[in-house]
Amino acid sequence: VGAHLAEVGNLQVLCGPAASGDWTGVDPAEVVGVVDELAEFRPVVVNLPAGPPRAHPHGAVTAADVSRALLSEVGTCVLVTTANPIGVTRTIEWLAAADPVPDRTHLAVNRVPSSLFRRSETRLELEKALELPVWLLPEDAAVSKAAWSGNLVPGGRFRRATRRLATAVAA
């Protein structure tokens, strides 16, 4: 595992397959084993592959299989979605298909517009359908600027919101 870790700032990152079709050769139990091994030495954050946690119709291993295996092992989960009707609908569907959902699951809604109506509707729909803490992460030009320059977000509304989320997750 150590040979495949990349240094990113003060973090060590272990990347999974880049393309969705590359997951077919991955054994979900082995991924769980790697995460368990890493957790013996340091805190571990896993970015689960996107998509609903459903089985492949032809039995092939998918990123969703890895997500399901990891979800059954984690103590805390932060699910990130987008702040639009499609993201909200897919998140509700994803959580309905996920089994089990960890007790300590937080929902982070990314790129929430400044419109009070849209913020309120996003939160209302998610809280009505789900029994999870919902964290609204605002749209912030500093995020896009940092992404294009390859830097961390230096400050601003997004940084403050993610700090509050991280504090709640770590509690």
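Two residues are taken to be in contact when heavy atoms of the two lie within 4.5 Å. In the predicted model described here, residues 24 or more positions apart account for 63% of the contacts with a separation of 6 or more.

The protein contains 6 helices and 5 strands. Read from the N terminus, these elements follow the order β-β-α-α-β-α-β-α-β-α-α. Of the 171 residues, 29% count as buried. The exposed surface amounts to about 11,200 Å², and carbon and sulfur atoms supply 56% of this area.

Confidence in the prediction was examined for the whole protein and for its elements. The average pLDDT is 82, and a score of at least 70 is reached by 84% of the residues. Among the elements, the highest mean pLDDT, 94, belongs to strand E5, whereas the lowest, 65, belongs to strand E1, which comprises residues 5–8. Where pLDDT is low, the predicted coordinates should not be read in detail.

Strand E4 pairs with two strands, E3 and E5. Strand E3 spans residues 76–82 and strand E4 spans residues 104–112; the two are parallel and are connected by 7 bridges. Within E4, Arg104 is the residue that stands opposite Thr76. The pairing of E4 with E5, the latter formed by residues 134–138, is likewise parallel and comprises 4 bridges. Here Ala108 has Trp135 of E5 as its bridge partner. Between E4 and E5 the chain passes through helix H4, residues 116–129, and the resulting β-α-β crossover is right-handed.

One residue of strand E4, Thr105, was considered in further detail. Thr105 has a relative accessibility of 2%. Because the limit for a buried residue is under 20%, Thr105 is classed as buried. The side chain of Thr105 places a polar atom 2.6 Å from the backbone oxygen of Pro102. When residues up to four places away in sequence are not counted, Thr105 touches Cys77, Leu132 and Pro133. Of these contacts, Cys77 falls within the range of strand E3, residues 76–82. Thr105 thus combines a position in strand E4 with a buried setting and a polar approach to the backbone oxygen of Pro102.

Key: Residues numbered from 1 in each chain as written. Predicted model: local features only at pLDDT ≥ 70, side-chain atom pairs only at ≥ 80, totals over all residues. Heavy atoms only, no water. Pairing = 2+ DSSP bridges. Right-handed = clockwise from strand over helix to strand, strands pointing away. Buried < 20%, exposed > 50% of the residue type's maximum accessible area, 1.4 Å probe, protein only. Polar contact = N/O pair within 3.5 Å; in protein donor to acceptor, adjacent residues only side chain to side chain. Areas by Shrake-Rupley, 256 points an atom, 1.4 Å probe, with all protein chains shown as cover. pLDDT = per-residue confidence, 0-100.
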